[in-house]
Amino acid sequence: MLFVAVKKGKQRFRGKNCGLLFTWDNPGVRDSNTFRCFKEWVVGRQTLSQIRKTSGYSEHSLKRYFNE
């Protein structure tokens with residue numbers, strides 16, 4: 001793997017043999033970030049718009065995550 005660029009918050013890689021670009025998805029990190037946002041919402045009593053500004057997630061995505 002060779003580091004290529006960061007686009008829209010995701011690091012992109014280029015395969016050494018095939019030369020194709022791809023991103024790496026890490027569900028564990030995503031889940032921990034979602035839980036951190038949920039904790040800020042419940043315990044920290046922050047509004048969704050405040051969490052949106054600090055986390056980078058949209059309000060629609062936050063609502064979807066919290067409903068899960």
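Start with the loop between α1 (27-42) and α2 (48-55), and select Arg45 there. This is a predicted model. Look at the backbone of Arg45: its phi is positive, about 55°, although Arg45 is not a glycine. Is Arg45 buried or exposed? With a relative accessible area of 75%, Arg45 is exposed, because the cut-off for that label is over 50%.

**The two flanking helices**

Now show α1 and α2 together. Their axes lie 10 Å apart, and the helices pack at an angle of about 145°. The crossing of the two is right-handed. Which residues make the contact? On the α1 side, select Cys37, Glu40 and Trp41. On the α2 side, select Leu48, Ile51, Thr54 and Ser55. Colour these residues by type: four are nonpolar, two are polar and one is charged.

**Along α1**

Stay in helix α1 and select Thr34. Thr34 has a relative accessible area of 14%. Thr34 is therefore buried, as the limit is under 20%. Zoom in on the side chain of Thr34. One of its polar atoms lies 2.8 Å from the backbone oxygen of Arg30. What else does Thr34 touch, once neighbours within four places in sequence are left aside? The contacts are with Tyr57, Tyr65 and Phe66.

Next, select Phe35, also placed in helix α1. Here the label changes. Phe35 counts as exposed, at 53% relative accessibility. Add Phe66 to the selection and draw a line between the two C-alpha atoms. They are separated by 8.8 Å. Along the chain, Phe35 and Phe66 are 31 residues apart.

**Over to α3**

Move to helix α3 (residues 59-67) and select Ser61. Ser61 has 14% relative accessibility and counts as buried. Show the side chain of Ser58 as well. A polar contact of 3.1 Å joins the side chains of Ser58 and Ser61.

Go on to Tyr65, found in helix α3 too. Is Tyr65 buried or exposed? Tyr65 stands at 19% relative accessibility and so counts as buried, because buried means under 20%. Now find what Tyr65 touches, not counting residues up to four places away in sequence. Arg30, Thr34 and Tyr57 are in contact with Tyr65. Thr34 appeared earlier in the tour, and Tyr65 is on its contact list. Draw one more line, from the C-alpha atom of Tyr65 to that of Phe38. The separation is 8.5 Å. These two residues are 27 apart along the chain.

**Back to the strands**

Leave the helices and select strand β2 (residues 10-14) with strand β3 (residues 21-23). How many bridges pair them? There are three, and the pairing is antiparallel. Pick Phe13 and find its bridge partner in β3, which is Phe22. While the strands are on screen, one general point helps in reading them. Side chains in a regular strand alternate between the two faces of the sheet.

Follow the chain from β2 into β3. The two strands form a hairpin, with six residues between them. Stop at Gly19 in the turn, where phi is positive, about 80°. Compare the loop where the tour began: Arg45 also has a positive phi, about 55°, but is not a glycine.

**The whole chain**

Zoom out and show everything. How many helices and strands does the chain have? There are three helices and three strands. Read along the sequence, they follow the pattern β-β-β-α-α-α. Colour by accessibility next. The chain has 68 residues, and 16% of them count as buried. Among the buried residues are Thr34, Ser61 and Tyr65. Last, turn on the contacts between residues at least 6 apart in sequence. Of these, 15% join residues at least 24 apart.

Conventions: Residues are numbered from 1 along each chain as its sequence is written. This is a predicted model: local features need pLDDT of at least 70, side-chain atom pairs count only at pLDDT 80 or more; totals for chains, interfaces and linings use all residues. Side-chain values use heavy atoms; hydrogens and water are left out. Helices (H or I, at least four residues) and strands (E, at least two) are DSSP runs, numbered from the N terminus. Buried means under 20% relative accessible area, exposed over 50%, partly exposed in between (1.4 Å probe, protein chains only). Two strands pair if DSSP finds at least two bridges between them. Axes are lines fitted to C-alpha atoms, for helices over the stretch in contact, and angles run from 0 to 180 degrees between N-to-C directions. A crossing is left-handed if the near helix is turned anticlockwise from the far one by less than a right angle, and right-handed if clockwise. Contact means heavy atoms within 4.5 Å. Ala, Val, Leu, Ile, Met, Phe, Trp, Tyr, Cys and Pro count as nonpolar, Asp, Glu, Lys and Arg as charged, and the others, Gly among them, as polar. A polar contact is a pair of N or O atoms within 3.5 Å; within protein, one must be able to donate a hydrogen and the other to accept it, and residues adjacent in sequence count only if both atoms are side-chain atoms.
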